[in-house]
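Let's take a friendly walk through a protein structure. Keep the sequence and the 3D view open as you read.

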Protein chains: 6
Amino acid sequence: MSEHNDIAARAEVLIEALPFIQRFRGATIVVKYGGAAMVDEELKRSVCADVALLHFVGMRPVIVHGGGKKISEMMSRLGLEAEFVEGLRVTDDATMEVAEMVLVGTVAQDLAANVQAAGVSAVAISGRDGCTLGACRMVGPGGADLGHVGEVTDVRAGLIRDLIAAGHIVVLSPIGVSPEGTPLNINADHAAAALAVSLGAQKLVTLSDVPGLLRDRDDPSTLISELTVAQAREMLASDAVGSGMIPKLQSCIQAVEGGVERAHMIDGSRPHSLLIELFSESGIGTMVRSD
Amino acid sequence: MSEHNDIAARAEVLIEALPFIQRFRGATIVVKYGGAAMVDEELKRSVCADVALLHFVGMRPVIVHGGGKKISEMMSRLGLEAEFVEGLRVTDDATMEVAEMVLVGTVAQDLAANVQAAGVSAVAISGRDGCTLGACRMVGPGGADLGHVGEVTDVRAGLIRDLIAAGHIVVLSPIGVSPEGTPLNINADHAAAALAVSLGAQKLVTLSDVPGLLRDRDDPSTLISELTVAQAREMLASDAVGSGMIPKLQSCIQAVEGGVERAHMIDGSRPHSLLIELFSESGIGTMVRSD
Amino acid sequence: MSEHNDIAARAEVLIEALPFIQRFRGATIVVKYGGAAMVDEELKRSVCADVALLHFVGMRPVIVHGGGKKISEMMSRLGLEAEFVEGLRVTDDATMEVAEMVLVGTVAQDLAANVQAAGVSAVAISGRDGCTLGACRMVGPGGADLGHVGEVTDVRAGLIRDLIAAGHIVVLSPIGVSPEGTPLNINADHAAAALAVSLGAQKLVTLSDVPGLLRDRDDPSTLISELTVAQAREMLASDAVGSGMIPKLQSCIQAVEGGVERAHMIDGSRPHSLLIELFSESGIGTMVRSD
Amino acid sequence: MSEHNDIAARAEVLIEALPFIQRFRGATIVVKYGGAAMVDEELKRSVCADVALLHFVGMRPVIVHGGGKKISEMMSRLGLEAEFVEGLRVTDDATMEVAEMVLVGTVAQDLAANVQAAGVSAVAISGRDGCTLGACRMVGPGGADLGHVGEVTDVRAGLIRDLIAAGHIVVLSPIGVSPEGTPLNINADHAAAALAVSLGAQKLVTLSDVPGLLRDRDDPSTLISELTVAQAREMLASDAVGSGMIPKLQSCIQAVEGGVERAHMIDGSRPHSLLIELFSESGIGTMVRSD
Amino acid sequence: MSEHNDIAARAEVLIEALPFIQRFRGATIVVKYGGAAMVDEELKRSVCADVALLHFVGMRPVIVHGGGKKISEMMSRLGLEAEFVEGLRVTDDATMEVAEMVLVGTVAQDLAANVQAAGVSAVAISGRDGCTLGACRMVGPGGADLGHVGEVTDVRAGLIRDLIAAGHIVVLSPIGVSPEGTPLNINADHAAAALAVSLGAQKLVTLSDVPGLLRDRDDPSTLISELTVAQAREMLASDAVGSGMIPKLQSCIQAVEGGVERAHMIDGSRPHSLLIELFSESGIGTMVRSD
Amino acid sequence: MSEHNDIAARAEVLIEALPFIQRFRGATIVVKYGGAAMVDEELKRSVCADVALLHFVGMRPVIVHGGGKKISEMMSRLGLEAEFVEGLRVTDDATMEVAEMVLVGTVAQDLAANVQAAGVSAVAISGRDGCTLGACRMVGPGGADLGHVGEVTDVRAGLIRDLIAAGHIVVLSPIGVSPEGTPLNINADHAAAALAVSLGAQKLVTLSDVPGLLRDRDDPSTLISELTVAQAREMLASDAVGSGMIPKLQSCIQAVEGGVERAHMIDGSRPHSLLIELFSESGIGTMVRSD
């Protein structure tokens, strides 16, 4: 009989999730997934199951993934050297080929397979497919030539909308397409923000390895739970944000200014942090909202 | 931090529900709700929230309700006397008027309101609406005249299908419509079974006040977990089934023979018994399946 | 041969109805049906057949019914006393229960059955179903506490639109739903007007027991055939309108100001007055139009 | 007041038409219209108004017209001579050109305009449009060369279905299209029957100048009200049928054998004979049904 | 092997057409077809095949035809005399009857048959069908009574849109419908322009017998390739345009001012001039565009 | 003027393509593209433009690509050794990873980009996406363990159908998904055949480096233009087919037996061989049809 009591307790949990399920029913949630959180196999399985659950309770999750570490690994195996300018990967022809090959051919396929293992049909696409992520070349800091590094100029979300409507979860690789049709390496945080804006998403959730934005970079107890776009801009200007968090915070600002209701930065290495963020009043990590 | 741990544990529960959510996604579940389980206000709220949850995780629940007790109460308040022949309510004109008034005007409205309180749009209809429950008069035991008591002859499920497709949860009162358009009093268990067959439901779940079918009526420890239609027919023939359970068991047989995959009799007075039945491998109560 | 001549004459009548049929094809017509006109069985059958005919020639009729008399009868049978403040029924818990039970469970079902007898599928719903009639409590004259008496605050017409589109005639009981989900007693004239506005109806037709608005309350020969909203407001201010006609005239004003093309008050006890109003140039009763 | 009484009487007539309106709601009715009934302007206006009425009360009428007399007139004006072999018009190139020109360019346009005058959108098409009436050349009696005379081999009803669904009344000229794309002169009775079968029509109604089929050709009092296909075949074999009625009776047989429920031959010169046939129990003229 | 080389060269041609096919994919193109270009059988077949090709590569061509010469011929055969006032055909009752008969019953049918011979379903309609070309009587120069000559007042393009969407090519005869429902003779150039505006067409292409607009009427080498609406108005005012070209140039102006992107006047007697205009950068004939 | 003459000649070519365009309009054509024909950049561009043209003239082409050579190259760059058993690549974990990475991440992306350069939206997917190519492990010749080599067991074509219906050209990588969700290496010829059957394709066209099937392997003049399935089976049994052609011929047989009308093997290195095959009566290469 104790099994049943246990099950009854579980049923209670389900019932308590009802208000959150209702609140986000039909909502589009763009999940940026990257960093160390993506390397651990067990964690990856768990995150993908969380995303599948969001789908099953009526939300519309889309995954945009990163994968810098995997690219660097493959470059090293191929005897190529990675070069960075202020954190931006200089992307020559060989690097671009490897980046596309690894992101589209390995990382995205792997994530899609994990989502499918949780019972939902998944489709992995590149930002080149259907010209989803239109982009142009980006000039580097101080005018540096970054090669095939791009920034998103226009998102054609039709393909992704169709796939969502047909019941698939989309896994998008952050490869852009230049006006000439060639691939461009896009920062995944920015790609996720641009996509969230274009889809009219309710939320952008960035899963990374840190708990969120800290007032004091070195003191985890100074986590900022919530800040407005204005406050976020101020922090960026004040140089208080660590370099790893800069593109994430920029993306949150970009998303919220583009109409996304809320943008979150949470710790993807905590089990079920995605569900906790969505299914509890307080949330974890840092949330950016409009002023 | 303990709140978050708690939430993480809850998230785990949600994840564990995934396989069940997948299994019954899109499934139509007819819930027959009646008896004492319907009298307790707290229990009623809880059952309706459970039904709402089924809706939110992608199932298509329909409620068919009973309400004999409420009818008897109103008759007594109006100074009318209830008469029964072998458990069947003899339904003269005055009784029919009261039955329809109470079931459609009070019981169904109340259940629909409880469902709506859990966040889903609900619509209460009578079996007369849209000629949903076509019926003819039933002859009583030994040819007794039961008055306006009917049995379902054909179900026009179009109205209910439309309402489900539009996102409402339907609460159906077991009033049938005669070929002449007059109301007929229908046994709610039979109405639920006929509806389940007509909708091509995956499940019929009968919530009552008892744990299920007992091998020895007086010994709760002799609960039968599962039986085939053939075994169920045998039990009915052997006179081993208590009179209260006879229409429920008959309805289960009728449903399964009509193509419903599984028919369950469970204890509606146990909290969340509906969810437990659907979200655990073992289930509770008694399940009837085809041979 | 004389039968054929007769039929030919009838065919001629049908042909003469053509221009009116064309004019109102596809038009939504809200019919407020109440008062003594609803008590006579023969009249009720006739009115419901008229409504069915409107449906068959391509209009979209919706019925909103009253039923104060039936409520009072049942209260008296149950030993409850009816209390009124300036014509408004004070609605305590017991009264509310009876009102909902009688309107939804008896009056609406009966009207729907009469419509179905004329060959169209009918569905009776309460204003609580699908939260169709959102309402809040109304303060009585002089701040009097009227109990569960409400006024409509927002109409969610989706459910009714869906039912119309699916080919059903809707019969709506004037029960509102409070923000807390509890039932509220709504004046049927006001409910009909609010619904007509929300549906974008072409016409609101109020069937009552009097020929229309009289210039001299005591002289039936002073019937006003047509007046503008401004004139109607003037009459209300001048105290020239009998108390029974006040809510009807108010509703006509409310409807026309909300965009309904024309609002009519006609004598429901005259055979086929509804058809006569729609199928003749002159019309009968009183018509309110915008200035 | 007498006007109102008159209107009330008319309303009563409308109500009495209800059962017939219901019975044929949504039914497709192919009306073959030809002969002298088509020459009188007043009669033509009246028939087209009747067809419009059928549309307005929910049926789906389609007109197939004849026009031999108009063709002969134009040929005579152009100095061409009409030639017939056993009632079949020998159709050389010049005759074909005139036939198409007159039927499509004058007769059909005129009928469509009359329908539009009754308030429904009408579209006149030829059987060549959309390859609606696929046909092949017909060999004449005794192997006679009839020129461009054809018989229908396959009907592509898609265009007509689309036009009906879009709310138009179609007026079809009986011109067929040969495999080579050239026009062929088709007997209008046969064209109507073939179309009725292809559309799955409920009724084929042939309007001509005679009351129907007579048992004794010379005695109008011997009108046959109803006969089965077998009886109709017998009559044809027995030579009892006048030559003008032969193609009409053949078409009725062809229609009923092809699944049309009932085929009628009625007197189009009697006012509203079409409505009388549809809106009275007894009917007029001759009706053919399956055995 | 040489056949294959030849085919390879042809394939190359197809490939080179790709950019033009893409550019006009989905574009609505109204083709005004008339004059001598319509008389030559071989040319007619070729033009209709060109129109069919436009359909097959994804454009939406509509044909509006003329036919003055055919009308005059028939009038002469019938012993009627044609009368013109400044190039406008005075249209008495007899002339109107002949015009409609010939245009709708012969010319349009013939063009539709030619289109169908090229493999696309075609439907010939008159501007009266579905009240497509609403028109009113036009007063002639100096107040002359032109009889049944009309100018387009409103286009109801619904029927044509439906036919296009269903995959047919529409051939429209320039017959208008007066408010009374009678036919009116419409200038085909003006009808085409009005239709192009109403359909939101990308192009109006007028096929006539001359190469385009000449700066010097008598010198074919002075062809104007392109001019703006302002320049076109200037030319009209300056009396530099030959009378035959006046309505064509007016129609081009009317179309472009109504939102059509470009209006072309080309020589329909040159083989495939329509395709050449659409599938080459330079184009032939004269093109009018907005300022 | 000579440019225009040239254009007119081109227009003539377009017109001559009409009958073929009609014949295959709406037809699904699966193009297997692989081998040396895929290595040459110019040829690849040309083939992709040909496929785009098929799309523009109304066909529904799908590309299934190979890429063994690219896989071997990358393996060699990574210091991995390729192993084959009777022409089948033994696929250990490392090989599988490389194969998926190269096919999905590089080859398919590159082809999709080439198609998009020709103006059609393209989407590259793996057979794992949406579980499109369900597969199981294949046992090698003589029971050899081939590792992650699979054969298609069931095709879920829904995703591809949706993408086609939305106007994209799909490029499919021949990666299957095992029941456990892991990737399997599938022979591209077999994948193409299975897809063609599942889509109900009219044609399977295999582009390779050879002209087709030769009666005498060493004599190009012995090309077999056409053979039935029975003849094809005979040839396979007789050992007359070179090892490279065996899977291609098997796939043709599999496709035709599965309902594909015709299966072609053509020389992809000949410019526009695909168009020539579809737009000429005689065709090139070898065609397999049912007996």
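## Around the axis

In chain D, the residue that comes closest to the rotation axis is D:V57, with its C-alpha at 2.3 Å. This is a predicted model, where local features need pLDDT of at least 70 and side-chain atom pairs count only at pLDDT 80 or more, while totals for chains, interfaces and linings use all residues. Residues are numbered from 1 along each chain as its sequence is written, and chains are lettered from A and ligands numbered from 1 in the order in which they are written.

A turn of 180 degrees and a shift of 0.0 Å along the axis lay chain D on chain C with an RMSD of 0.0 Å (least squares on the C-alpha atoms of residues with pLDDT of at least 70 in both copies). That is the relation of a two-fold axis. The copies meet through the same surface, because 100% of the interface residues of chain D are also interface residues in chain C.

## A sheet in chain B

Now turn to chain B, where eight strands form an open sheet with mixed pairing, in the order β5-β8-β2-β1-β11-β13-β14-β12. Strands are DSSP runs of E, at least two residues, and helices are runs of H or I, at least four, numbered from the N terminus; two strands pair if DSSP finds at least two bridges between them. The edge strands, listed here, each pair on one side only.

| Edge strand | Residues |
|---|---|
| β5 (chain B) | 122-126 |
| β12 (chain B) | 226-228 |

Strands β2 and β8 of chain B run parallel and are joined by two bridges. Within β8(B), B:L172 is the bridge partner of B:V64.

How values were computed
Two residues are in contact if their C-beta atoms, placed from the backbone, lie within 7 Å.
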